[in-house]
Amino acid sequence: MTYFPEGMIPPPVTMDTVGFWEAAREHRLVLQRCDDCGRFQHPPAPVCHRCRSAAVRWADVEGRGNVYTYTAVHKAFIPALQDHLPYVVAVIELPGAGGTRIVSNLVDVAPSDVSIGMEVDLVWDDYPELSVPRFRPV
Ligand SMILES: [Zn+2]
């Protein structure tokens, strides 16, 4: 299923993020977790944000979360989005990952119906070479 139109700028795949995108292709949401202190982190980095350990590994996490904050975008900064306005950019807090937050989009909801704390669930936005995690109200 595709929620956003093709023609968007794809997210950059780097040495730090390639594991995230490979798992996403299999419709698995993964975050880095530190083997030494147990903390989840996002965005990914070569070392743990808290204890600086290099023992960070990918761990599958649940796609259930809550809207921590959000904004509605009414201007098409990318031409492909001209017919897709307004859309919602949200920070989603993931209780199953120690409250780690991920920036994404809310789909299947009007901006006026979004609220802070709203329960959301993961959906996958599939493109020919990439799957992107988005969220929609439960
Ligand atoms: Zn750590």
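**Strands, zinc site and salt bridges**

Reader: Over how many bridges do strand β1 and strand β2 (residues 40-41) pair?
Author: The model is predicted, so local features need pLDDT of at least 70 and side-chain atom pairs pLDDT 80 or more, while totals for chains, interfaces and linings use all residues. Residues are numbered from 1 along each chain as its sequence is written, and side-chain values use heavy atoms, without hydrogens or water. Strands (E, at least two residues) and helices (H or I, at least four) are DSSP runs numbered from the N terminus, and pairing needs at least two DSSP bridges. For β1 and β2 the pairing is antiparallel, and the number of bridges is two.

Reader: Which residue of the hairpin of β1 and β2 takes a positive phi?
Author: Within the paired strands, Gln-32 stands opposite Gln-41 in β2. The hairpin leaves five residues between its strands, and the positive phi, near 85°, belongs to Gly-38.

Reader: What is the order of the strands in the open sheet of three strands?
Author: On another side of the question, β1 (residues 30-34) pairs with β3 (residues 56-60) in the antiparallel sense over five bridges, with Val-30 opposite Asp-60 and Cys-34 opposite Val-56. The open sheet has antiparallel pairing in the order β2-β1-β3. Each of its edge strands pairs on one side only, and these edge strands are β2 and β3. The order asked for is therefore, with antiparallel pairing, β2-β1-β3.

Reader: How many residues of β1 are buried?
Author: Burial here means under 20% relative accessible area with a 1.4 Å probe and protein chains only, whereas exposed means over 50% and partly exposed lies in between. Strand β1 is mostly covered, and of its five residues the buried ones number four.

Reader: Which geometry has the site of the zinc ion?
Author: Donors (N, O and S atoms within 2.8 Å of the metal, or 3.2 Å for Na, K and Ca) are here the SG atoms of Cys-34, Cys-37, Cys-48 and Cys-51, at 2.3 to 2.4 Å. A four-donor site counts as tetrahedral if all angles lie between 85 and 135 degrees. The angles among these four donor atoms are 104 to 119°, and the site is tetrahedral.

Reader: How many residues apart are Cys-34 and Cys-48?
Author: The donor residues of the zinc ion follow the spacing C-x2-C-x10-C-x2-C. This pair links distant parts of the chain, since Cys-34 lies in strand β1 and Cys-48 in the loop between β2 and β3, and the separation in residues is 14.

Reader: What is the relative accessible area of Cys-48?
Author: Cys-34 is buried, with a relative accessible area of 3%. Cys-48 is also buried, and its relative accessible area is 0%.

Reader: Which residue meets Asp-60 in a salt bridge at 2.9 Å?
Author: Under the rule that a side-chain nitrogen of Lys or Arg lies within 4 Å of a carboxyl oxygen of Asp or Glu, the count comes to eight salt bridges. In one of them, Asp-60 meets Arg-28 at 2.9 Å, N to O. Asp-60 is in β3 and its partner in the loop between α1 and β1, so the pair ties together parts 32 residues apart in sequence. The partner is partly exposed at 32% relative accessibility, and its name is Arg-28.

Reader: How far apart are the closest N and O atoms of Arg-57 and Asp-35?
Author: Asp-35 is partly exposed, with a relative accessible area of 47%. Arg-57 forms a salt bridge with Asp-35, and the closest N and O atoms are separated by 2.6 Å.

Methods
Four donors count as tetrahedral if all angles lie between 85 and 135 degrees; four count as square planar and six as octahedral if opposite donors are over 155 degrees apart and all others between 65 and 115; anything else is irregular.
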